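Visitor: I am new to this structure and would like to be taken through it step by step. Could you show it to me before we begin?

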Amino acid sequence: MAVGIIIIGDEILSGRRQDKHLPKIIELLAERGMQLDWAEYVGDDPARITATLRRSFASDDIVFVTGGIGATPDDHTRQCAAAALGVPLVLTPEAEALIMERIADTSPDGRADMSQPDNRHRLKMGEFPEGARVLPNPYNKIPGFSVAQHHFMPGFPVMAWPMMAWVLDRDYAALHHLTKHAERSVLVFGLAESTLTPLMEAIEAEYHGVKVFSLPSVGDPQRGEIYARRHIDLGVKGDPSLVGAAFERLIAGVDALGGEIVDPAEAVVPPEGAAPSAT
């Protein structure tokens, strides 16, 4: 199964908020020996959200969806998910109970007064596409929902991140560390990507199950003297049983082309205030 994330919200696209979900889901997946295959950002436009979800529901992918599941006018995700599936929104009994419990928790007298219009309105956050399952929210009990392989949660990191971890551990434990992965790389100076391309293609042809990656940089002085020079972060990743041999082939090929090779470990900038290493 591929794993994807859909991050919803105008505030991300306008720059009012910086997205933190993408690096976090990558981190959570890596901890479990999994990886993210794709990501999409979508604004608060119902037609676009519905079209995006309709397309992702048609796949077998595991999809995390953040944002837009509240009950304000700019929250459309619940409605769009139902439209994409062709089912109605229904108040899920388990979600209703959790929301009422939260209302009671925050009430001065410790009870949920459902005669209050604002409390009745909060129940809309428990209206999910028919057939959806409740996704627990450990932060404030207001749940998200899961339907098929899609998991919908609030945009707040303090809520979404524990919910992501819970889903990965409850529903996809069998996928943890299922694919073995290894990666090795070097910094290459003095060669252009076009010069390295035939070598990269040859290695991928020789070692099926290994990918060669090339990340060029025009130089980043903030990372230190070595990184300040124009260079390419060149490496191999994939099947651990093949990566070692493919990496040696890569090193030999770069050397034959006359490139300068630096181990990334030797280019690390020491922490501020640290004593210089002995030479």
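Guide: Before we look at a pair of helices, one convention is needed: angles under 35 degrees count as roughly parallel, over 145 as roughly antiparallel, 65 to 115 as roughly perpendicular and the rest as oblique. Please also keep in mind that this is a predicted model.

Visitor: Which word describes how α3 and α4 lie to each other?

Guide: Helix α3, which covers residues 46–57, packs against helix α4, residues 77–85, with the axes 8 Å apart and at an angle of about 50 degrees. That angle falls in none of the named ranges, and angles in the rest count as oblique. The two helices α3 and α4 are therefore oblique.

Visitor: What is the make-up, by class, of the contact of α3 with α4?

Guide: On the side of α3 the contact is made by Pro46, Ile49, Thr50, Leu53, Arg54 and Phe57, and on the side of α4 by Thr77, Cys80, Ala81, Ala83, Ala84 and Leu85. Sorted by class, the contact of α3 with α4 has one charged, two polar and nine nonpolar residues.

Visitor: Is Met200 buried or exposed?

Guide: Met200 sits in helix α8, residues 193–206, and, leaving aside its neighbours within four places in sequence, is in contact with Val212, Phe213, Ser214 and Leu234. Its relative accessible area is 14%, and buried means under 20%. Met200 is therefore buried.

Visitor: What distance separates the centres of domain 1 and domain 2?

Guide: The chain is divided into domain 1, residues 3–175, and domain 2, residues 182–266. Taken over C-alpha atoms, the separation of their centres is 40 Å.

Notes
Residues are numbered from 1 along each chain as its sequence is written. This is a predicted model: local features need pLDDT of at least 70, side-chain atom pairs count only at pLDDT 80 or more; totals for chains, interfaces and linings use all residues. Side-chain values use heavy atoms; hydrogens and water are left out. Domain bounds come from an automatic or database domain assignment. Axes are lines fitted to C-alpha atoms, for helices over the stretch in contact, and angles run from 0 to 180 degrees between N-to-C directions. Helices (H or I, at least four residues) and strands (E, at least two) are DSSP runs, numbered from the N terminus. Contact means heavy atoms within 4.5 Å. Ala, Val, Leu, Ile, Met, Phe, Trp, Tyr, Cys and Pro count as nonpolar, Asp, Glu, Lys and Arg as charged, and the others, Gly among them, as polar. Buried means under 20% relative accessible area, exposed over 50%, partly exposed in between (1.4 Å probe, protein chains only).
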